[in-house]
Amino acid sequence: MNIHVLAQHCFYSPHSENKKNVRPNGFNRELVYKNLKRTAEKYNLVITYLLDTKYRNGKKHFIEEDSTNKIIESVGGTGATSFTNLLNYVKNLKLDGNDIVYMVEDDYFHLDDWPVIMLDAFDIPQIDYVTLYDTADKYYGMLPMYN
């Protein structure tokens, strides 16, 4: 069972300007990138970075500073378009029936052993979707499924 890690990055996200999206002190996407890279390398996982270049404006993204990173560029500009570009990339991958495709955004922190957690979850019969995403809506009773 192989895990294909696809990490979405962008230069600018209109969604991040939402005042409700308050980040913890010290949060930044470069720390998130380093966290994912470190934890994936611990398990010899390769990450493909899907970089939305819509708002590049002549700048270099920090993921481009490491020449060993596999980076696929596309022009999106919105979360929906970037996600569609990611899905089109996945559609063209040569996958084995047991392969796992892990799609992650550029603001997700990971526990050190997340690959083990993911593989354990897929060992459960009839499981075909797992998320490592943890969000406040699961703790405040906003969604009945988490009561």
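**Close-up views around strand β2**

**View 1. T48 in strand β2.** T48 is found in strand β2. The model is predicted. T48 has a relative accessible area of 7%, under the 20% cut-off, and is therefore buried. Leaving aside neighbours within four places in sequence, T48 contacts V5, L6 and A7. K70, I72 and Y89 are also in contact with T48.

**View 2. The two faces of β2.** Side by side along β2, residues point in two opposing ways. I47, Y49 and L51 point one way. T48, L50 and D52 point the other way. Residues on both sides are buried. Six of the six residues of β2 are buried, so the strand is largely enclosed by the rest of the structure.

**View 3. Pairing of β2 with β1.** Strand β1 covers residues 3-10 and runs parallel to β2. Six bridges join β1 to β2. L6 stands opposite T48 of β2, and L6 is also one of the contacts of T48.

**View 4. Pairing of β2 with β3.** β2 and β3 pair in the parallel sense. Five bridges link β2 and β3. L51 has E73 in β3 as its bridge partner. L51 itself is buried.

**View 5. N57 in the loop after β2.** N57 lies in the loop between β2 (47-52) and β3 (70-74). The relative accessible area of N57 is 66%, over the 50% cut-off, so N57 is exposed. N57 and F11 are 46 residues apart along the chain. Their C-alpha atoms are separated by 8.9 Å.

Methods: Residues are numbered from 1 along each chain as its sequence is written. This is a predicted model: local features need pLDDT of at least 70, side-chain atom pairs count only at pLDDT 80 or more; totals for chains, interfaces and linings use all residues. Side-chain values use heavy atoms; hydrogens and water are left out. Helices (H or I, at least four residues) and strands (E, at least two) are DSSP runs, numbered from the N terminus. Buried means under 20% relative accessible area, exposed over 50%, partly exposed in between (1.4 Å probe, protein chains only). Two strands pair if DSSP finds at least two bridges between them. Contact means heavy atoms within 4.5 Å.
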